[in-house]
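User: I've got a protein model open and I'm new to this. Can you walk me through it?

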Amino acid sequence: MFAPPDRSPGSAIDSGTARRRHARLGPRRAAGPAPSGCTTCGSQDVRGCVSIGNDALPSPIAAALLLAPSLTAREASVFELLGLGYDNRSIARMLSISERTAKRHITAILAKLRLESRLQAGLTAMLVSLTTQTDLARQTRA
């Protein structure tokens, strides 16, 4: 039977791990005052983050969440597939459109939501999907 290694203070494994950690991260810092800024994204400018529940969102994604309802039905379909991680070719196949049309829809989505990358669009789409699911769950319970 497999026995876990001894990690008690002073053991060889513990001291080796501590040495590797020290070499990689530097010495442990003494606990002091909490760092200022956003605890989620690390930004020093807290004004750039919006809070949803206990989590803070960067301002571009928070703004895009508010603009998401302005998408057309076809753009919303592409937006949803972006949130699921589909690439342009897969989006085109799923929606029976050309790859070039899928790319144009994505460009339009980025412009309408004022986002810089498809990663931001995908993350925003995931948040829209999660908030929609949460809202539906609350309505069914009520």
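Analyst: Sure, here are some questions and answers about confidence, the core and the largest pocket.

User: Which helix has the lowest mean pLDDT among the elements of the protein?
Analyst: Keep in mind that this is a predicted model. Its mean pLDDT is 76, and 61% of the residues reach 70 or more. Among the elements, α5 has the highest mean, 97, while the lowest mean, 48, belongs to helix α1.

User: Over residues 46-51, how many contacts beyond four places in sequence does the model have?
Analyst: Two stretches are worth a look here. Over residues 24-35 pLDDT stays under 50, and the model has three contacts beyond four places in sequence. Where pLDDT is low, the coordinates shouldn't be read in detail. For residues 46-51, also with pLDDT under 50, the count is 16.

User: Which element gives the most to the largest nonpolar core?
Analyst: That core has 19 residues, and F79, I91 and L113 have the most contacts inside it. The elements giving two or more residues are α3, α4, α5 and α6. I91, for one, touches V78, L81, L82, Y86, A102, I106 and R118, leaving aside neighbours within four places in sequence. With five residues, the top contributor is α5.

User: And which element supplies the largest share of the lining of the largest pocket?
Analyst: The pocket holds about 260 Å³ of space. Of its 14 lining residues, F79, E80, A125, V128 and S129 are the closest to the centre. By class, the lining has ten nonpolar, three polar and one charged residues. Both α3 and α6 supply at least two of them, but the largest share, six residues, comes from α6.

Definitions and conventions: Residues numbered from 1 in each chain as written. Predicted model: local features only at pLDDT ≥ 70, side-chain atom pairs only at ≥ 80, totals over all residues. Heavy atoms only, no water. Core = buried A, V, L, I, M, F, W, Y, C linked by side-chain atoms within 4.5 Å. Buried < 20%, exposed > 50% of the residue type's maximum accessible area, 1.4 Å probe, protein only. Helix = DSSP H or I, 4+ residues; strand = E, 2+ residues; numbered from the N terminus. Contact = heavy atoms within 4.5 Å. pLDDT = per-residue confidence, 0-100. 1 Å grid on protein atoms, 1.4 Å probe; cavity = no way out; pocket = protein on both sides within 12 Å on 5 of 7 lines; lining within 4 Å. Points joined across faces, edges and corners; volume = space filled by probe spheres on them. Nonpolar A, V, L, I, M, F, W, Y, C, P; charged D, E, K, R; others polar.
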